[in-house]
Amino acid sequence: MDDSGGVQMARALKHAALCLMLLPRFLLAAVMLWLLDFLCIRRKVLLKMGERLDSPDDPPVCVSDSNKMFTWESLRAVWHGQKLDFLKSAHLGEAAPNTEVVLVQERRQVRILDCTKGKRPLVLNFGSCS
């Protein structure tokens, strides 16, 4: 097998392993979306039953068929979000990534942890200028 075939095989195995690791999280999210739709359907049925009773104490319930949660688009978005979340470089409880930043005054690139001084915590402010 040549190098490009080996690289392609390694890439395919990496993607397969990623899919297997993400599948339980994705299926849980898909079930939650389905349950949300199920609750909306149940609410609609109860609304139909309530129309027959005409109780003045109950507030009106507004349910639409056009706002389904369990669609191909939403499942695609959930899969993409789960994949992005899994592949991010920063994870809760682990060491922070030491990425490169640009010092504005000196116009040079340094690593974030190069800006620390002793044991003082490093605070990054991502504020806006508006």
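Me: Which residue meets aspartate 85 in a salt bridge at 2.9 Å, N to O, with lysine or arginine as the options: lysine 88 or arginine 108?
Reply: Happy to help! In this predicted model, local features need pLDDT of at least 70 and side-chain atom pairs count only at pLDDT 80 or more, while totals for chains, interfaces and linings use all residues. Residues are numbered from 1 along each chain as its sequence is written, and side-chain values use heavy atoms, leaving out hydrogens and water. A salt bridge means a side-chain nitrogen of Lys or Arg within 4 Å of a carboxyl oxygen of Asp or Glu. At 2.9 Å, N to O, the side chain that meets aspartate 85 is that of lysine 88.Me: Which residues are linked with Asp85 in a network of salt bridges?
Reply: Aspartate 85 also forms a salt bridge with arginine 25, the closest N and O atoms being 2.9 Å apart. This pair joins distant parts of the chain, 60 residues apart, with arginine 25 in helix H1 (residues 3-53) and aspartate 85 in helix H2. Helices here are DSSP runs (H or I, at least four residues), numbered from the N terminus. The residues in the network with Asp85 are Arg25 and Lys88.

Me: Is aspartate 85 buried, partly exposed or exposed?
Reply: Buried means under 20% relative accessible area and exposed over 50%, with partly exposed in between (1.4 Å probe, protein chains only). Aspartate 85 has a relative accessible area of 32%, so this residue is partly exposed.

Me: How far apart are the end C-alpha atoms of helix H2?
Reply: The expected span of a helix is 1.5 Å times one less than its number of residues. Helix H2 (residues 72-87) has 16 residues and should therefore span 22 Å; the distance between its end C-alpha atoms agrees, at 22 Å.

Terms used:
Helices (H or I, at least four residues) and strands (E, at least two) are DSSP runs, numbered from the N terminus.
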